[in-house]
Amino acid sequence: MSDPAPMSAFRCLAATSLCLGLAAPVAAQEGPGQLPHLDIDRDGTSVLGVSSGGYMATQLAVAWPEQFAGLGVAAAGPWACARGSLGLALGQCMMTQRGMPDLTELQNRYDAYARRDLVGDPDALADLRVFIWHGSEDETVDPALSQVLADQFRDWLASPDDQLRFMTSEQAGHGWPLATRPGTPVDALADCRGGGGTHLLACDLDIAGKMLGWLHGDLTPPEPGKPQGELVRFDQSDFDARGLGDAGYLFMPAGCEAGGCKLTVALHGCAMDVEQIDEAFVRHSGLNEWAAANQRVVLYPQAETSLPNPQGCWDWWGFAESTWQLDPLHDSRQGSQTGALMAMIERLQQTPDEK
């Protein structure tokens with residue numbers, strides 16, 4: 001990080017929660033296997049994220065825009081907002097006591113990265129489709145920050161009126177809104193306005209369908225009932241990066257083991273990993289239902305809690321990079337977590353004979 005993070009800063013980070021959540025035990029399960037080679041269709045991949053996962057999703061899309069057709073962000077601010085500083089993460093990228101992010105300064109960072117080939121082709125970035133959502137009652141990440149993100153992409157996209165959708169919801173707090181379905185456990189839901197708990201907000205808003213529909217065009221609506229597919233755990237140790245959990249999750253619709261399906265990467269927010277809320281996000285976000293109906297595999301990587309990252313966030317402020325770096329490259333192609341996530345995507349794109 002660009003400034004050292006003393007214990008008081010860590011306590012501040014935990015107190016403000018960077019996506020609040022309560023710990024919950026994960027049931028004992030069989031050991032995870034390897035992430036499979038599924039011959040995923042390389043066209044039409046999307047990356048979605050909420051809060052810290054939204055920041056990370058944007059980092060991936062900016063670093064490797066050639067790999068993605070669409071980006072979906074819930075409850076997060078602009079690319080490179082924290083710039084390697086915990087102080088900025090807390091004071092300008094969650095709340096705005098230190099003022100709003102300066103888009104000119106962030107563009108200068110992007111331009112410097114581009115000169116060093118640390119981000120992708122600007123023409124590929126200009127072709128993305130982008131969906132941004134924020135709850136107007138969010139008390140964890142200032143809703144005004146998503147407007148800055150939208151403004152940032154308006155400068156980058158070739159035709160923002162056609163490629164960008166920016167949506168806000170009144171009476172919604174911090175988290176991932178969903179429309180509850182029969183069989184959704186009550187304890188998997190949080191109050192729409194208040195948030196907390198799992199941060200799966202019972203807002204009667206199917207954000208999974210809204211995002212995927214905007215990013216990928218007309219999709220087949222899911223049928224009532226359990227999605228036809230399998231949710232499996234995989235060993236993340238093959239993708240070594242500081243801050244990753246031991247196991248990630250993969251939802252594979254029936255038939256996708258034969259290859260040719262498309263991919264959505266879904267990144268949880270702080271305190272939304274399985275260590276803290278069990279499998280609530282990976283089972284009840286609404287993504288699996290849409291994926292099953294449209295032959296899309298969903299990759300759910302998992303971050304983990306630690307002393308520098310007590311809420312299990314994705315690295316959007318630089319904690320996972322070397323402590324001696326004055327300017328960590330977490331938001332670039334050289335970021336350790338961005339590299340690990342891209343390696344997971346590449347594994348899924350490989351054919352079984354490439355093992």
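Two strands pair if DSSP finds at least two bridges between them. The exercises below apply to a predicted model.

**Exercise 1. Strand pairing in β9 and β11**

Determine how β9 and β11 are joined, and which residue stands opposite F251.

*Solution.* Step 1: strand β9 covers residues 247-253 and strand β11 covers residues 296-300. Step 2: three bridges join β9 to β11, and the two strands run antiparallel. Step 3: the residue of β11 opposite F251 is V298.

**Exercise 2. The sheet of eight strands**

State the strand order of the sheet with eight strands, and explain why β4 and β8 each have one side without a neighbour.

*Solution.* Step 1: the sheet is open, and its order is β4-β3-β2-β1-β10-β11-β9-β8. Its pairing is mixed. Step 2: β4 (164-169) and β8 (229-235) stand at the edges, and each has a single partner strand, so one side of each lacks a neighbour in the sheet. Step 3: from one strand to the next, the twist averages 15 degrees.

**Exercise 3. Helices across the sheet**

Identify the strands that helices α6 and α8 lie across.

*Solution.* Step 1: helix α6 (residues 144-156) lies across β2 (70-74), β3 (129-135) and β4. Relative to β4, α6 runs at about 170 degrees. Step 2: helix α8 (residues 207-216) lies across β1 (46-50), β2, β3, β4, β10 (262-267) and β11. Relative to β3, α8 runs at about 155 degrees.

**Exercise 4. The sheet of three strands**

Describe the sheet that contains β5, β6 and β7, and give the bridge partner of W176.

*Solution.* Step 1: this open sheet has the order β5-β7-β6, with parallel pairing. Step 2: β5 (176-178) and β6 (190-191) are the edge strands, each with a single partner strand, so one side of each has no neighbour in the sheet. Step 3: three bridges join β5 to β7 (residues 200-202), and these strands run parallel. Step 4: W176 has L200 in β7 as its bridge partner.

**Exercise 5. Helix packing around α6**

Classify the packing of α4 and of α2 against α6, and list the contact residues.

Two packed helices are described by the angle between their axes and the distance between the axes.

*Solution.* Step 1: helix α4 (residues 103-115) packs with α6 at about 50 degrees, and the axes are 11 Å apart. α4 is therefore oblique to α6. The crossing of α4 and α6 is right-handed. Step 2: α4 contributes L103, L106, Q107 and Y110 to the contact, and α6 contributes V148, D151, Q152 and W156. The contact of α4 with α6 has five nonpolar, two polar and one charged residues.

Step 3: the axes of helix α2 (residues 52-63) and α6 cross at roughly 10 degrees and come within 13 Å. Angles under 35 degrees count as roughly parallel, so α2 is roughly parallel to α6. Step 4: Y55, T58 and V62 of α2 meet L145, L149, F153 and W156 of α6. By class, the contact of α2 with α6 has six nonpolar, one polar and no charged residues.

**Exercise 6. The contact of α2 with α12**

Classify the packing of α2 with α12.

*Solution.* Step 1: α2 and helix α12 (residues 336-349) pack at about 75 degrees, with axes 10 Å apart. This makes α2 roughly perpendicular to α12. Step 2: the contact joins M56, Q59 and L60 of α2 to Q337, T338, L341 and M342 of α12. Its residues divide into four nonpolar, three polar and no charged.

Terms used
Residues are numbered from 1 along each chain as its sequence is written. This is a predicted model: local features need pLDDT of at least 70, side-chain atom pairs count only at pLDDT 80 or more; totals for chains, interfaces and linings use all residues. Side-chain values use heavy atoms; hydrogens and water are left out. Helices (H or I, at least four residues) and strands (E, at least two) are DSSP runs, numbered from the N terminus. Axes are lines fitted to C-alpha atoms, for helices over the stretch in contact, and angles run from 0 to 180 degrees between N-to-C directions. Contact means heavy atoms within 4.5 Å. Angles under 35 degrees count as roughly parallel, over 145 as roughly antiparallel, 65 to 115 as roughly perpendicular and the rest as oblique. A crossing is left-handed if the near helix is turned anticlockwise from the far one by less than a right angle, and right-handed if clockwise. Ala, Val, Leu, Ile, Met, Phe, Trp, Tyr, Cys and Pro count as nonpolar, Asp, Glu, Lys and Arg as charged, and the others, Gly among them, as polar.
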